[in-house]
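Colleague: I'm new to this one, so please take me through it slowly. I'll ask short questions and jump around a bit.

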Amino acid sequence: MSNLKMKEAALIYLDRSGGLQKFIDDCKFYNDSKQSYAVYRFSILINPSDIVELYAELGNYILHQPLKAAHVFQSVCFVAVKTLSLIGQLQTETQINIVLKLTHLPPLRSYSLDLCEFPLDYASQRFYMMQGIVIAMTTVTKYTQGARFLCSDEACPLSKGFEYIRVHVPGATESATVRNDFLCNLCSSSLQEDRKFRVLGDKQIVEIITAKALHAFQGYSNNQPFRFQSLTIFLRDESVSKMNIGNEYKIIGIPTCVRTSQTAVCIEANSIISYNPEVPSGISDNFRYLLSLTSSSCWKFTAILANIFASQIVPPGTYNLLKLCLLMSLVQTSDRNKELKDCLDILIMTSDTLLVDRLLNFSIKLVPRGIRHPVSTEIFPTLSRNKYGTGAVSIQAGSALLAKGGICFIGDLASHKKDKLEQLQSVVESRSITVYIPGKKFGDDINQQMTFPVQCSFWSFVDMDSSSRRNMQKTNTLIGRMDCSLIPANLVEAFGLLINCNESSSSYPLISTVQHTLKKAIDPEELLYVASKKFTTEDFEKLLAFAKNLNVEFSLEAERMIHGYYLASRRIRTDSISGSKLSASALKYLVSLAEAHARLNLRNKVLKEDVLIAALLFETSLTLKYGATVFCVAPNAVFPFELYNEEYLEQRDIYLNQCQQQLQQFIATYGPGTAIFTSDE
């Protein structure tokens with residue numbers, strides 16, 4: 001009686017949810033097809049909340065005994081086919097293969113599978129929800145969805161018909177569906193497969209890790225060792241190719257135990273949901289108050305941010321230019337599973353690699369996808385053999401794809417080999433990486449290739465004080481140009497921003513840095529400055545999380561100015577022999593810089609003041625690469641004074657206003673066809 005009620009509830013649910021009409025349409029496709037089928041596969045979308053409300057026992061069956069629940073729907077669908085004469089060729093109920101696709105699971109802890117917890121439950125054969133980032137995937141291969149078997153004894157009644165139908169169930173291996181030792185239940189003769197009725201489906205294997213595991217790539221340790229392990233997900237049919245390397249997903253699936261060379265817990269995926277975190281609602285009260293105090297200026301707020309940023313690593317007021325660029329690069333990141341178009345790559349020339357390394361390592365921890373590339377691994381995807389013996393090639397993500405939407409900090413450029421630097425240059429220029437899969441090496445007849453978008457910003461530095469650098473140092477004849485001969489010139493040009501960090505100059509007082517380092521060595525946890533207490537690391541995390549989700553647009557004045565500067569700068573850096581020194585991506589970097597400064601100011605509109613900062617940073621970078629031009633920008637143009645108090649901020653605003661006038665004059669002189677309007681006009 002209970003089983004009859006469940007079947008009745010299943011039919012009512014199908015009728016109310018529109019699933020019955022979809023089932024009828026699918027039946028029509030099979031009935032109209034000229035092909036003969038042994039197995040008819042139907043996918044039914046299930047909303048557990050609606051099912052539980054309709055008939056709790058059936059809902060409980062679906063959530064905790066999904067294989068038995070599928071048999072209930074199988075029986076209902078078979079009766080519907082026979083009653084409505086939907087498929088003329090269908091003979092037995094076993095020919096119907098029902099796959100229940102869940103829309104969600106109850107938001108209760110018992111339905112969540114935490115990849116950090118041990119042991120994992122793989123014996124209950126019920127649905128769980130898990131969440132993770134894709135770090136590897138295989139190419140798509142085939143598996144057996146269903147097969148027809150016949151008794152080998154021709155005198156046996158079961159040597160004909162469709163009584164012996166085997167279909168894939170979650171957790172089953174290929175040999176569980178198709179092999180040669182099955183026996184007839186009637187006469188005990190061996191069964192033989194009728195191969196012309198074998199139904200094949202698509203299969204793909206992916207590996208995921210929990211987002212917490214990314215701490216291993218960010219230098220987190222808490223003075224305690226820890227490990228993380230990937231979890232294998234089997235995707236089949238509709239789910240194949242729905243997951244991308246580097247993206248984060250919520251997965252509904254059934255845990256199972258797969259035995260290969262070693263026992264492993266895997267997940268048979270049922271539904272895949274793209275994961276997007278909630279957008280932060282605001283910033284800390286201290287930052288909100290600081291923003292209100294500096295509202296009269298478009299430059300003061302970001303200047304103070306740069307001044308006090310990372311006071312745990314360097315004293316306030318030091319490395320302001322670098323810290324501003326890091327903050328601007330950080331606000332151009334994204335936590336969403338969407339295309340990241342506005343990357344800001346940074347290459348730093350420095351003689352104090354230890355301090356810069358600490359500063360960059362501190363900064364990448366402020367965003368979820370800040371990845372420090374381990375020297376023992378690869379930056380870009382690599383190939384390996386699939387450990388589950390499916391014949392597919394496994395593509396491992398590498399640091400760059402793992403940092404999707406964030407920052408990939410690759411350390412000292414000089415530590416990488418020439419071929420890796422050439423590959424890095426190609427990726428930075430094209431924002432994609434192509435992986436070639438040699439068929440002969442991996443047991444396939446044809447070669448394949450797969451292209452992946454690289455959606456992260458690259459940070460790196462070059463040690464200007466290394467022995468090889470001193471031996472190769474050349475004398476520059478161009479004013480302002482920096483000797484970058486240690487790194488291939490094309491790679492230096494590919495980076496959007498080139499920054500010179502020289503702590504021996506007046507911009508970076510050496511004494512305060514030494515004092516800071518000594519005090520931190522004595523007490524690493526001590527907060528040495530008032531700024532560290534008022535504006536904590538968590539405050540900066542909230543600020544960046546809020547700022548990077550702002551949708552910004554250009555004002556008409558800012559748009560004209562940025563195009564005017566680009567055209568003028570391109571014109572004066574073009575000669576008849578080598579053409580323009582500005583790459584095709586120069587305008588994109590300028591736009592990204594201006595947007596980043598507006599976001600850092602927590603504004604939705606890009607103003608001409610943002611364009612000025614973008615132009616000064618970009619021109620400083622161009623000067624280091626190619627030397628100075630008629631639009632001569634001082635190395636410390638963005639921070640001409642040390643920011644001690646309000647008076648110095650005012651002096652900086654006056655100086656930047658003068659720079660704005662010089663920029664407009666430069667555009668008016670060298671930017672043909674570009675109109676620059678004053679505020680009055």
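Colleague: Let me pick a spot in the middle: where is Ser241?

Modeller: Ser241 sits in the loop between strand 8 (231-236) and strand 9 (248-259), where helices (H or I, at least four residues) and strands (E, at least two) are DSSP runs numbered from the N terminus. This is a predicted model, in which local features need pLDDT of at least 70 and side-chain atom pairs count only at pLDDT 80 or more, while totals for chains, interfaces and linings use all residues. Residues are numbered from 1 along each chain as its sequence is written, and side-chain values use heavy atoms, with hydrogens and water left out.

Colleague: And what about the phi of Ser241?

Modeller: Ser241 is not a glycine, yet its phi is positive, about 65°. Most residues other than glycine have a negative phi, and most peptide bonds are trans.

Colleague: Which loop holds Ser188, and what is its phi?

Modeller: Ser188 is in the loop between helix 6 (174-177) and strand 6 (191-193), and it has a positive phi of about 65° although it is not a glycine.

Colleague: Is Ser188 buried or exposed?

Modeller: Ser188 counts as exposed because its relative accessibility is 54%; buried means under 20% relative accessible area, exposed over 50%, and partly exposed in between (1.4 Å probe, protein chains only). Ser189 is found in that loop between helix 6 and strand 6 as well, but Ser189 counts as buried, because its relative accessibility is 18%.

Colleague: What does Ser189 touch?

Modeller: Leaving aside neighbours within four places in sequence, Ser189 is in contact (heavy atoms within 4.5 Å) with Cys151, Ser152, Asp153, Phe182, Leu183 and Cys184. The C-alpha atoms of Ser189 and Ser152 are separated by 6.3 Å, and the two residues are 37 residues apart along the chain.

Colleague: Stepping back, how many helices and strands are there, and what share of the chain is buried?

Modeller: The protein chain has 21 helices and 23 strands, and 52% of its 681 residues count as buried. Among contacts with a separation of 6 or more, 74% are between residues 24 or more positions apart. The chain exposes about 32,200 Å², with carbon and sulfur atoms supplying 51% of that area, as computed by the Shrake-Rupley method with a 1.4 Å probe, where for residues only the protein chains shown count as cover.

Colleague: Which residues touch Val454, and where does it sit?

Modeller: Val454 is in the loop between strand 17 (448-453) and strand 18 (457-463), and it counts as buried because its relative accessible area is 1%. Not counting residues up to four places away in sequence, Val454 touches Ala400, Leu401, Val427, Arg431, Ser432 and Ile433. The C-alpha atoms of Val454 and Cys343 are 10.0 Å apart, with their positions 111 residues apart along the chain.

Colleague: Switching to the start of the chain, what does Ser2 touch?

Modeller: Ser2 lies in helix 1 (residues 2-17) and touches Tyr55 and Glu57, once residues up to four places away in sequence are set aside. Ser2 counts as partly exposed because its relative accessibility is 32%.

Colleague: Which residues of helix 21 are buried, and what do they pack against?

Modeller: The buried residues of helix 21 are Leu649, Arg652, Asp653, Leu656, Cys659, Gln660, Leu663, Gln664, Phe666 and Ile667, and they pack against helix 8 (300-308), helix 18 (556-572) and helix 20 (608-626). Helix 21 (residues 646-670) has 25 residues and reaches 36 Å from its first C-alpha to its last, close to the 36 Å expected at 1.5 Å a residue, the expected span being 1.5 Å times one less than the number of residues.

Colleague: And what follows helix 5?

Modeller: Helix 5 (residues 66-84) is followed by Ser85, whose phi is positive, near 50°. Helix 5 has 19 residues and reaches 27 Å, close to the 27 Å expected at 1.5 Å a residue.

Colleague: Last topic: how many cavities does the search find, and what lines the second largest cavity?

Modeller: The search of the whole structure finds 3 cavities of 30 Å³ or more, a cavity being a set of points, on a 1 Å grid over the protein atoms alone, where a 1.4 Å probe fits but cannot get out, with lining residues having an atom within 4 Å of a point. The second largest cavity holds about 40 Å³ of space, and its lining includes Ile308, Phe309, Phe362, Leu366 and Phe540.

Key
On a 1 Å grid over the protein atoms alone, a cavity is a set of points where a 1.4 Å probe fits but cannot get out, and a pocket is an open set with protein on both sides within 12 Å along at least five of seven lines; lining residues have an atom within 4 Å of a point. Grid points are joined across faces, edges and corners, and a volume is the space filled by probe spheres set on the points.
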